[in-house]
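This report describes the overall build of one protein chain and then turns to one of its sheets.

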Amino acid sequence: MTDPKTKIVQAGIGTDPAHGSIAPPLYLSSTYLWPNPSEKGQYDYGRSNNPNRDILAEALADLDGGAGAVVTSSGMSAIDLVLNLIKADDLVIAPHDCYGGTHRLLTHRADQGRIRVEFVDQSNTAALDAALAKKPALVMIETPSNPLMRVVDVKSICATVKAAGAIAVVDNTFLSPLRLRPLDLGADIALQSTTKFINGHSDIIGGCVVAKSADHVEQLAWWANCAGITASAFDCHQTLRGLRTLALRLDAAESNAKAIAAFLTTQTNVTAVHYPGLSTHAGHAIAAAQQSGFGAMLSFEVSGGLEAATRFCQALKIFGLAASLGGVESLICLPETMTHRGMAESARREAGISESLLRLSVGIEAESDLLTDLAQAFSAIS
Ligand code: PLP
């Protein structure tokens, strides 16, 4: 069984030792009986290990080609978890246009004196080289970036990061391992917010960290248990259920995203469309080479500033105004006031996030309905 599509459907099927249920049973128990006081069974305490979490971790590690995975309570706890691999005062390099929550976490961990951080435009080789010369311990990579969909060359960045002696970490939330395989491209760690495409139904919050080396997996699992940030059994059960349809959902959403990106380029009140699938996108060639699809996320800018962007969001009938992504339903968000408001305004501007930038997470609804909805919203603001 080698095709990932087959693996994700089959993950955990037929693993019920008691009744042979097809879907894995949900093990809610927080604690487990010990055979005797000096010997514990396979499971002892739910924070440390749980059958549902183990099945999901195995499926996610397999999908990414890692030595193992740690399934966490959120994407943010997955990111915070990897910071345990470095020492106090070590330098972390992150993309200047990374997810706002990542920017906030790293900035505040640095303010606490836990780490040092520098945000760099990783598509600028000179800027990245200058940052790497400062001997970072860990480099975060996010491609396509959130929300500007900038694409960086994972293989070449990982090679320079490794040569500089740092740990290369890729946040693969936007694409999932079905579209980008960071570990194959040289990353040490691939992490994701499983809240998004992996679960795909906007009904859990979760994260996962997949590491290439068994040593990293062991350290990460130790810290996840120690800090109590492992995911709940219920969330793991739901996430495994969502994971089974990832391939179908991604195909459908990506096809819609492609049509929407093409449509947006024809609109007079759209000043820019950011979708790596467009041949005009600056990162198109790299995306085509390193990804196996362009994904279902895109962003665009409307003329008329914050006021027009706000009215556009409110005129939509199908796209929900919400700050998440990767679900079966289409969503729109205004990063300026929503996902990226935790960043300082100056940092937003430096990253190129304008007041009139809108981000779409394209779902699996009928393409014609989505296009009609966008068209009527453009009419409403014209
Ligand atoms: N990484 C990226 C790229 C994200 O977009 C998000 C959330 O939107 C996260 C991490 C954080 O994930 P979570 O909300 O599950 O904590």
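The text below covers the whole protein and then a single sheet.

The structure is a predicted model. The protein contains 13 helices and 12 strands. Its radius of gyration is 21 Å, close to the 21 Å that the globule rule gives for 382 residues, so the protein is as compact as a globular protein of that length. Taken along the principal axes, the box filled by the C-alpha atoms is roughly 75 × 50 × 35 Å.

Of the 382 residues, 55% are buried, that is, under 20% relative accessible area. Where contacts join residues at least 6 apart in sequence, 70% of them are between residues at least 24 apart. The exposed area is about 15600 Å², and carbon and sulfur atoms supply 54% of that area. The charged side chains comprise 29 positive and 38 negative ones; the centres of these two sets lie 1 Å apart.

One open sheet is built from five strands, in the order β8-β9-β12-β11-β10, with mixed pairing. Strands of a sheet pair through backbone hydrogen bonds, in either a parallel or an antiparallel way. At the edges of this sheet are β8 and β10, each of which pairs on one side only. Strands β9 and β12 run antiparallel and are joined by five bridges. Across this pair, F300 stands opposite L358 in β12.

Four strands of the sheet have these residue ranges:

| Strand | Residues |
|---|---|
| β8 | residues 270-274 |
| β9 | residues 297-302 |
| β10 | residues 320-321 |
| β12 | residues 357-361 |

Definitions and conventions: Residues numbered from 1 in each chain as written. Predicted model: local features only at pLDDT ≥ 70, side-chain atom pairs only at ≥ 80, totals over all residues. Heavy atoms only, no water. Helix = DSSP H or I, 4+ residues; strand = E, 2+ residues; numbered from the N terminus. Rg over C-alpha atoms; globule rule 2.2 N^0.38 Å. Buried < 20%, exposed > 50% of the residue type's maximum accessible area, 1.4 Å probe, protein only. Contact = heavy atoms within 4.5 Å. Areas by Shrake-Rupley, 256 points an atom, 1.4 Å probe, with all protein chains shown as cover. Lys, Arg positive; Asp, Glu negative; His and termini not counted. Charge placed at Lys NZ, Arg CZ, Asp CG, Glu CD. Pairing = 2+ DSSP bridges.
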